[in-house]
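Here is a short note for a colleague who is opening this entry without having seen it before. The points below concern salt bridges and the surroundings of the residues that form them.

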Amino acid sequence: MRLTTKGRFAVTAMVDLSMRQTRGPVTLSAISERQHISLSYLEQLFGKLRRAKLVSSVRGPGGGYCLARPTSGITVADIIAAVDEPIDATQCGGKENCDDDRRCITHDLWATLNEKMNDYLSSVSLADVVSHQQGKPVQVIKDFRGRDREPEKVAA
């Protein structure tokens, strides 16, 4: 189970967009260059983000993309769902048929993990991720790399 590049790139691009949109619409070519994401891939992702009403496009000279809602009103889960990225730890996609058309003995474990991941990603707003990138302590984003110690606020 892992988040694929589709979800990761969509979140990365949305963070980039939200950090730079105060100067006007942001072009996909600029995001592509800064984040090293293929322009054609970004075009596909932003088509889905636009259909989900998370971004809006501005045509013409000086055009590009802007967020369609405030950063506090967009969650990481919203972004991932908009690009059709399933976050599912079960083998069966929730159909309960992973063991010869029967529910496997660990189905509840993986289904609960799905709920926890969704709850967490729904609790983290784009504003939280941007604040974290700007060096502001954010309670929701924790550094769990040193699991021997207590989780703490990360300011960088």
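**Notes on the salt bridges**

1. In this predicted model, a search covering the whole structure turns up four salt bridges. The points that follow take up some of these, among them the pairs formed by D16.

2. The side chain of D16 meets that of R20 in a salt bridge, with an N to O distance of 3.3 Å. Both residues belong to helix 1, which covers residues 5-20, and because they are four residues apart there, about one helical turn separates them.

3. D16 also forms a salt bridge with R34, and here the closest N and O atoms are 2.7 Å apart. Since D16 lies in helix 1 and R34 in helix 2 (residues 28-35), this pair ties together parts that are 18 residues apart in sequence.

4. Taken together, D16, R20 and R34 are linked in a network of salt bridges. Is the acidic member, D16, buried or exposed? With a relative accessibility of 2%, D16 counts as buried, because the cut-off for that class is under 20%. R20, at 25% relative accessibility, counts as partly exposed, and R34, at 31%, is likewise classed as partly exposed.

5. A further salt bridge joins D78 and R69, whose closest N and O atoms are 3.3 Å apart. D78 has a relative accessibility of 29% and counts as partly exposed, while R69, with a value of 31%, also counts as partly exposed.

Key:
Residues numbered from 1 in each chain as written. Predicted model: local features only at pLDDT ≥ 70, side-chain atom pairs only at ≥ 80, totals over all residues. Heavy atoms only, no water. Helix = DSSP H or I, 4+ residues; strand = E, 2+ residues; numbered from the N terminus. Buried < 20%, exposed > 50% of the residue type's maximum accessible area, 1.4 Å probe, protein only.
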